[in-house]
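Reader: I'd like a close look at one part of this model, and then a walk outward from there. Could you take me through it?

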Amino acid sequence: MRIGAMNNPHNDVYRELRWIGAHGFDFVDLTLEPPHAMAETLDVRRVKDLLGEYRLGIVGHTTPFLPFATPYETVRKECVAVIVRGLEVFAELGATCVNMHLNHSHGAQPAADNIERNRRSLEEASAAAQERGLTLMVEHFGATYASVGPLRRILDSIPALGFHLDVGHANLWRPGNSTEELLNAFGSRLRHVHVSDNHGGDRDEHLPLGAGNIRWPWMIQLLRRHGYDDTITPEVFSADRDYLLIARDKLRDWWDAALDPPAPSPSAPTSEGNPA
């Protein structure tokens with residue numbers, strides 16, 4: 001298991017990389033988004049030098065705010081074009097996996113239309129990623145994608161698409177936590193994991209691990225049970241970065257302490273990830 005950190009796009013991206021490297025993370029979850037980390041303004045050579053200096057790996061992260069499912073086709077296509085520009089940068093930086101967020105349904109747009117437009121955008125972006133030697137991953141987000149069904153409609157139609165699990169998102173927009181359900185459905189396609197805490201509901205709080213209501217030792221056991229042993233990013237958003245460092249250390253301790261779990265018993269967490 002390798003633990004990374006995401007750059008804050010509100011800060012200078014090169015200082016962010018130095019901080020991540022100096023604090024012993026294994027990789028940077030490089031997010032290309034405004035105001036200070038856009039593909040169009042990034043000095044790729046300088047980033048490559050910093051990755052080499054600190055021996056950092058890289059996972060690609062794209063902006064979560066683009067309306068890929070808009071009914072305006074010209075806008076949808078331009079959103080995909082923004083992703084493709086980022087893919088070119090990530091390929092040059094040596095990344096192998098890049099995420100893309102689902103744009104969940106808003107207003108009067110029928111869920112079926114939202115799913116189809118997301119599917120079309122992901123299909124186009126995934127093809128562009130393959131051309132550049134990258135694997136595109138879909139990150140679930142929003143009430144429309146809080147269960148397996150809509151995600152399966154997308155993943156089943158795009159064989160090259162990887163799955164990006166966000167355990168914090170799995171705790172939102174529905175009762176309980178859907179991490180086990182998602183892993184049972186898509187664990188064989190899992191390429192990357194985000195972890196952060198929250199209190200459920202619809203607020204993606206990005207709290208330090210242990211500050212919300214997610215049962216982290218059980219989440220770690222689920223990941224290990226499904227054979228996952230790769231990149232994990234604590235997405236802890238706090239001005240005081242000691243909380244990020246604490247989350248990293250707690251994650252490592254839980255990971256090292258986890259054993260292959262026995263079959264769930266009546267006293268074990270349910271498939272929702274909460275006590276039975």
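Reader: Start with Thr63, please: does Thr63 count as buried or exposed, and at what relative accessibility?

Author: Keep in mind that this is a predicted model. Thr63 counts as buried, because its relative accessibility is 9% and the cut-off for buried is under 20%. You'll find Thr63 in the loop between strand S3 (57–62) and H3. If you skip residues up to four places away in sequence, Thr63 touches Leu32, Glu33 and His101.

From that loop, move on to H3 itself. Helix H3 spans residues 73–93 and gives eight residues to the largest nonpolar core, the largest share of this core. The core has 76 residues in total, and those with the most contacts inside it are Leu87, Leu93, Leu122, Leu165, Val193 and Leu223.

Val193 is a good one to zoom in on. Leaving out its neighbours within four places in sequence, Val193 is in contact with His164, Leu165, Val167, Leu223, Tyr228, Thr231, Ile232 and Thr233. Two of those partners, Leu165 and Leu223, are also on the list of residues with the most contacts inside the core.

Leu223 takes us to a helix pair. Helix H7 (residues 216–225) packs against helix H6 (residues 179–186) at an angle of about 5 degrees, and their axes are 10 Å apart. That angle is under 35 degrees, so H6 is roughly parallel to H7. On the H6 side the contact is made by Thr179, Glu180, Leu183 and Asn184, while H7 brings Trp218, Met219, Leu222, Leu223 and Arg225. Sorted by class, the contact of H6 with H7 has five nonpolar, two polar and two charged residues.

Now step back along the chain to the loop between strand S6 (162–166) and H6, where Asn171 sits. Asn171 has a relative accessible area of 5%, so Asn171 is buried too. Outside the stretch up to four places away in sequence, Asn171 touches Gly176, Asn177, Asn198, His199, Gly200, Gly201, Asn213 and Ile214.

One last stop: the cysteines. Cys79 is buried, with a relative accessible area of 5%, and Cys97 is buried as well, at 14%. As for disulfides, the count comes to zero.

Notes
Residues are numbered from 1 along each chain as its sequence is written. This is a predicted model: local features need pLDDT of at least 70, side-chain atom pairs count only at pLDDT 80 or more; totals for chains, interfaces and linings use all residues. Side-chain values use heavy atoms; hydrogens and water are left out. A nonpolar core is a set of buried Ala, Val, Leu, Ile, Met, Phe, Trp, Tyr and Cys residues joined through side-chain atoms within 4.5 Å. Buried means under 20% relative accessible area, exposed over 50%, partly exposed in between (1.4 Å probe, protein chains only). Helices (H or I, at least four residues) and strands (E, at least two) are DSSP runs, numbered from the N terminus. Contact means heavy atoms within 4.5 Å. A disulfide is a pair of cysteine sulfur atoms within 2.5 Å. Axes are lines fitted to C-alpha atoms, for helices over the stretch in contact, and angles run from 0 to 180 degrees between N-to-C directions. Angles under 35 degrees count as roughly parallel, over 145 as roughly antiparallel, 65 to 115 as roughly perpendicular and the rest as oblique. Ala, Val, Leu, Ile, Met, Phe, Trp, Tyr, Cys and Pro count as nonpolar, Asp, Glu, Lys and Arg as charged, and the others, Gly among them, as polar.
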